[in-house]
Amino acid sequence: MTLIVRSIARWMIPSIFLLGVYVVLHGHLTPGGGFAGGVLVAGSFVLSILAFGVKKNKVETKKEWSSLTESIGIFLFWFLAFLGILWGSYFFLNVLTKMSPGARFHLFSAGSIPLYNLAIGIEVASALFTMVFVLMVFREKERP
Amino acid sequence: MFELVLSSFIVLMILGALVALETRNLLASVISLGIIGFALVVLFLLLGAPDLAIVQIIVETLTLVIFISAIRHTTPQENSKTRGFPPKFSWSVGTFFLLIFLLGAFAIYRELPPLGSPCVRMALYYLSHGMELTGASNLVSAIILDFRGYDTLGEATVLFASAIGVATVLRKMGKKSS
Amino acid sequence: MVYGLTLVLFFIGLYGILFKKNLIKIAIGLCILEYAMNLLFALVGYRKGGVAPIVTSQEGASSFFVDPLPQALVLTAIVIGLGTTALLLAFAVRMYRHYQTFDVEEMRKLQG
């Protein structure tokens, strides 16, 4: 990519990533949540691949770390939902509210909803980055 | 007045859709798809849904990225030459089903409440008790993660499966030993 | 009238899927169909004079909110729409590598 694109991307990638993390963590207080923050984080990674190419980002096309984090994200979501059964009640019980009801409008309120947001954010960001990355670096070659 | 503003944006989307489907240059039709997506972002903001606007703006950009990378490495950027209509049998069956669909759609259209006063029988419970039952200020997050958590679980599964599907379809095939 | 215009957009997307021969145009038609459906859901949940369903500490929990239930349904539908489009495009790119064309009719003639 050209020099202008690379210079601007150098400043925009951390800002977009930080905005995505903020939207995920404050998902129970401001508009956004797990899905919006997750796609923002994925957008920042896609911008890095587009502006700087594949070689400079040191990603390989065979073994991909984003598949691993995608699996971790959805397993964490399932585990948080399973905690309700361990508590003795139904499946998606909000266990942290039952254990310690927090204040209103603070960052550490609303029980296990921020943890759900974190799990969904990790999963959506990794899944979308995997999809877009595989479609971007696919080249037509290897005639037999 | 508000309906007029909404209708003008939807007319812009219709024009963009017609351009996207009829033009022969593939790159131009993909860019017209971007018009539809970004007009939808403004519509979501006018209808009071900021969560949807954030998600739609990034998803639209990623859609444009994958369309352009699908076009760039594969074809010269022109459409193909073969046109033609499907044969008579599928034409008549298609029209018949379309008429039935339009009949059902018209019947439903008369049952819909006018714009601005929906039937909020279930939502009133969520609006009045959502804050004290879950403790979250964002009511949409409280609905998708606490009241209706199974929908989110289903969505995460579908997204996971589609990511695995894309990675499997486009993997490098092994060399056949001769 | 707004619902009628959304239905027109739905039928344009359906026309793109049924009558077009290029795989990229079929994928564009599917995208337009999904946008029309998400717009219809968001339109159904609008209340005149309502604000976004976020409870703030000044107003309290008794303001006049927009219906949050269709928004919760559309929020997952947008992301799933991206997954569907990506999968269709992955198939299209793979089929181009095999048949060297995007045309559906020529693929039916070539057959492997």
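In this predicted model, nine residue pairs, both members at pLDDT 80 or more, are in polar contact between chain B and chain C. A helpful next step is to look at which parts of chain B face chain C. The elements giving two or more residues to that side are helix H1 (2-22), helix H2 (26-46), helix H3 (50-72), helix H4 (88-111), helix H5 (123-134), helix H6 (139-147) and helix H7 (149-169) of chain B. By residue class, the side of chain B that touches chain C divides into 58 nonpolar, 19 polar and nine charged residues.

The extent of this interface can be described in two ways. Counted by residues, the contact takes 86 from chain B and 69 from chain C. Counted by area, about 7,000 Å² is buried between chain B and chain C, and 78% of this lies on carbon and sulfur atoms.

Charged pairs come next. Over all chains, the structure holds two salt bridges. One residue pair, Glu22(B) and Lys20(C), joins two chains, because Glu22(B) lies in helix H1 of chain B while Lys20(C) lies in the loop between helix H1 (2-19) and helix H2 (23-44) of chain C. The side chains of Glu22(B) and Lys20(C) meet in a salt bridge at 3.6 Å, N to O. Between chain B and chain C, the count of salt bridges is one.

Chain C also touches chain A. Here 17 residues of chain C are in contact with 13 residues of chain A. The area buried between chain C and chain A is about 1,200 Å², with carbon and sulfur atoms giving 78% of it. Of the area that chain C buries against chain A, 38% is supplied by Ile54(C), Val79(C) and Arg97(C), more than by any other three residues. The side of chain C that touches chain A is made up of ten nonpolar, five polar and two charged residues. No salt bridges are found across the interface of chain C and chain A. Likewise, the count of residue pairs in polar contact between chain C and chain A, both at pLDDT 80 or more, is zero.

Finally, a look at the surface of chain A. A nonpolar surface patch of about 750 Å² is formed there by Phe17(A), Val21(A), Leu25(A), Phe75(A), Leu76(A), Trp78(A), Phe79(A), Leu118(A) and Ile122(A). At least two residues of this nonpolar patch come from each of helix H1 (3-25), helix H3 (65-87) and helix H5 (113-136) of chain A. The greatest contribution to the nonpolar patch is that of H3(A), with four residues. Trp78(A), one of the residues that make the patch, is found in helix H3 of chain A.

Key: Residues numbered from 1 in each chain as written. Chains lettered and ligands numbered in written order. Predicted model: local features only at pLDDT ≥ 70, side-chain atom pairs only at ≥ 80, totals over all residues. Heavy atoms only, no water. Contact = heavy atoms within 4.5 Å. Buried area = accessible area lost by both parts, 1.4 Å probe. Salt bridge = Lys/Arg side-chain N within 4 Å of Asp/Glu carboxyl O. Polar contact = N/O pair within 3.5 Å; in protein donor to acceptor, adjacent residues only side chain to side chain. Nonpolar A, V, L, I, M, F, W, Y, C, P; charged D, E, K, R; others polar. Patch = residues over 30% accessible without salt bridge, like charges linked within 9 Å, V, L, I, M, F, W, Y side chains within 5 Å. Areas by Shrake-Rupley, 256 points an atom, 1.4 Å probe, with all protein chains shown as cover.
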